[in-house]
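I am opening a notebook on a structure that is new to me, and I will write down each thing I look up as I go.

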Amino acid sequence: MFGFKSGGSRTVTTSYSSGGGPVQTTTKTFRYGGDGPGMDVGSGENGGTDINVGFGNKFGGMGNYKFNIGGGSARGGGRSTQRPNVCGRASRKEKKNPFSGVLNQNYDQIKAKCLDEGILFEDPEFEATDMSIFFSKRSPRPFEWKRPTEISDNPQFIDQHGASRFDVQQGELGDCWLLAATASLTCNKTLFARVVPADQNFTDDYCGLFRFHFWHQGDWVEVLVDDRLPTYYNKLVFMHSAENNEFWSALFEKAYAKLQGSYESLKGGSTCEAMEDFTGGVTEMFDLRKPDDNLLSIMLKASTRGSLMGCSIDADPNQLEAVLENGLVMGHAYSVTSVQLVDIRTPRTSGRFPMVRVRNPWGNEAEWKGAWSDQSEEWRFIPEEEKKNIGLTFDDDGEFWMSFSDWKANFQKLEICNLGPDSLDEDEIQAGGKRWEATTESGEWIPRVNAGGCRNYLDTFWTNPQYKVTLVDPDEDEDDLCTMLVGILQKDRRKKRKEGLDLLTIGYVIYKLKENMESDGPLDIKFFKYNASTAKSPSFVNMREICGRHKLPPGTYVIVPSTFEPHQKGEYLVRIFSEKASESGEMDQPTGMVDDQEEIEPTDEEQEQEAALKGSFRRVAGEDLEVDAYELQGILNAVFTKASVVENFKFSGFSVECCRSMVAMHDGDMSGKLGFDEFKDLWNDLRKWKGVFKERDADSSGCLSSYELRQALHMSGFRLSNRSLSALVLRYSNKESQIEFGDFILAAIRLKTMLSSFKSRQHGDMAGFEVDDFIQTTMYS
């Protein structure tokens, strides 16, 4: 910890509104320094570092500002992203965040305001209009938004029987995937209570406000809705309960639609997507046409641990949800609600046989018609007590039993949602329950910066984000192997459908690092040229998340997530689940500069250029042997443009802005001039940087691709973190994301200037500036 002068504090209260919602108030206390600047460093939240900067009176009484470095969630993994954030500047990130309105609503404040004013809540973030239902077409008929109190004389949020899978009936929306997951959710009371708070009703302190909790892209969020629901002739149009006066499922679907942007955004999807949003788990997919040998064991364990499961049959391309002769529906999502070994006694044999209970979210007579279906003769071989134990019913409710062999032969896909590390409470853990260890990392693919595409595009593949994970302890039941689940989830794509954006095709590749290999920053192209992958995602697929299960020896691995095609933009979340604790983090390096670089002997051409430059400098400089930026521009361009013709090197000359930065780099006394000794140092830098640029510019185009910039800067002695590199590409590249020679030189000059200034004031990993010093350093560069 280090500091200067102490000071006082002041409290600022800010009131703001989301538009039509209640006014919200925040109160912050800022500490400010005395006459001089102050800075102190201490422990922050989640293992990070809190830094308080006191600007003092010399800074215009700006007070103190606090920010955090490092840290993350308790289970590891930060909220880092490839794109940098510049402190003190307006960010379009918040403005463009499609969920900002959802996250800023406060349940307690809204409820208190509604009760105080005697009004019913009307959600300004999800209005009762057709725009909340459809984004690509007009409503086919006039829907009327009604509250449950207008639909039923005795509305119940959850009726006296409690929530069950029979409360999930499909309406006119093609979201059977959501309904299948919701039906599975009702079978796990602990998970259901987290997602659907039970302390809600239409009597006590009723104000038309309801809340639900969803796992959303790495965090649990509370989604608020009013209770106005789309109806037609006084009947609910979308998801509803079998009981006409029960409304939790309809409101639940509305909250999920709000989170995704509209009801139409829920059309079409995978059961695993909803399963993850209800649990924070990670989902595996199994092809039942090529089943694992231990599939039954996996399903039995998943059932006893409360995992959510769904199954389906591939759709008929010529018919929507075609019904087969056996009663099953193609292209339709079913939920697996139980897997059990059932006691069966027949004249020929007896024993415990595997059975699967499946539910069709339509909740009607569309059920399996084969062996063990409702009213099937096979049930007479089951003792009455066993029937009672498995909860056997024979209603047209969409639920039915199948033998495991019939189920495996007739369905084609299985999805299992492995619950996250926070899915078990302490009592369940003490009772022997097991949970996964998990880490998360957020990132972003930026076109022309780090969106390198899959391994097919080797020249750019290495620029993709890279994450290192160390597996230490083998699993308890494996032979010296560690189980690792890897999930790559792309963010926001369903909500952005209305913008014409669809899911990207994504996947990942895993490489093993050798024990003696030191990884200084991201792995370069040479590593990927000469090292084969250890594992990879099952495929590259245009789903929200791709997930794979891998059994690997203890060691250090690098995970490279990517889109299939290069230059595609998207944000993502990397999730790593392991049975034992593991260490993970983004492959990165600290920004800095190598001081002692090997001197390169000048070529004959460079010696001739140096002699010409010295002669020009003496002629232009005059008696004081100093030149300003304009004179320097003339001297350099006379030589460099001539050399570009001789060397077949495209370059039209340095701009005056670039020459100003050249002068500033060596002008510590701010004279605005460059002396002869400084000119010689500048020439050595320019000679070195030009040589690097020409080496990387293989086609002599006079430009570097943004993917080549890191290599060129590295050869020039600079070391850049991923975020600093992104900032340079955004700042110095042209429309085609290429860096021209003049811009490359300007970037190198300013990098050297700023890093030298930082080093001169460095205390540990930080540097302190007074406001005038800060302005002079940043503006005169």
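**Entry 1: N360.** I began by listing what surrounds N360, and, leaving aside residues up to four places away in sequence, I found that N360 touches V329, H332, Y334, A366 and G398. I keep in mind throughout that this is a predicted model. Looking at where N360 sits along the chain, I placed it in the loop between strand 14 (350-359) and helix 10 (384-389). Is N360 buried or exposed? Its relative accessibility is 0%, and because buried means under 20% relative accessible area, I noted N360 as buried. One of the neighbours deserved a second look, since the side chain of N360 makes a polar contact with the side chain of H332, at 2.7 Å.

**Entry 2: H332.** I then turned to that partner and found H332 in the loop between strand 12 (308-312) and strand 13 (333-345). H332 is buried too, with a relative accessible area of 1%. When I set aside residues up to four places away in sequence, the residues that H332 touches were Q170, C176, C311, S312, I313, E321, N360, P361 and W362.

**Entry 3: the UniProt record.** I checked which residues carry the feature "active site", and the UniProt entry, which is unreviewed, places it at C176, H332 and N360. These three span 185 residues in sequence, yet no two of their C-alpha atoms are more than 8.8 Å apart, so they gather at one spot. The contact list of H332 fits this picture, as both C176 and N360 are included in it.

The unreviewed UniProt entry also lists "domain: EF-hand" for residues 684-719. I looked at the model over residues 684-719 and found the chain to be 64% helix and 14% strand, with the end C-alpha atoms 20 Å apart.

**Entry 4: a sheet of four strands.** I followed an open sheet of four strands, which come in the order 17-24-19-22 with antiparallel pairing. Strand 17 (437-445) and strand 22 (545-552) stand at its edges, and each has a single partner strand, so one side of each is left without a neighbour in the sheet. From one strand to the next, the twist averages 15°. How many bridges join strand 17 to strand 24? I noted nine between strand 17 and strand 24 (residues 570-578), and the two run antiparallel. As a place to find this pairing by eye, I marked T440, which stands opposite R575 in strand 24.

**Entry 5: a sheet of three strands.** Another open sheet is made of three strands in the order 6-9-10, and its pairing is antiparallel. Its edge strands are strand 6 (144-146) and strand 10 (235-236), each of which pairs on one side only. Strand 9 (residues 229-232) is joined to strand 10 by two bridges, with the strands running antiparallel, and here I marked Y232, which stands opposite K235 in strand 10.

**Entry 6: the whole protein.** Last, I stepped back to the totals, where the secondary structure comes to 22 helices and 33 strands. Of the 781 residues of the protein, 49% count as buried, and H332 and N360 from my earlier entries are both buried residues. For contacts between residues at least 6 apart in sequence, I noted that 72% join residues at least 24 apart. The accessible surface of the protein comes to about 37,600 Å², and 47% of that surface belongs to carbon and sulfur atoms.

Methods. Residues numbered from 1 in each chain as written. Predicted model: local features only at pLDDT ≥ 70, side-chain atom pairs only at ≥ 80, totals over all residues. Heavy atoms only, no water. Pairing = 2+ DSSP bridges. UniProt positions renumbered as here; feature names shortened; annotations may be inferred. Buried < 20%, exposed > 50% of the residue type's maximum accessible area, 1.4 Å probe, protein only. Contact = heavy atoms within 4.5 Å. Polar contact = N/O pair within 3.5 Å; in protein donor to acceptor, adjacent residues only side chain to side chain. Axes fitted to C-alpha atoms, helices over the stretch in contact; angles between N-to-C directions. Areas by Shrake-Rupley, 256 points an atom, 1.4 Å probe, with all protein chains shown as cover.
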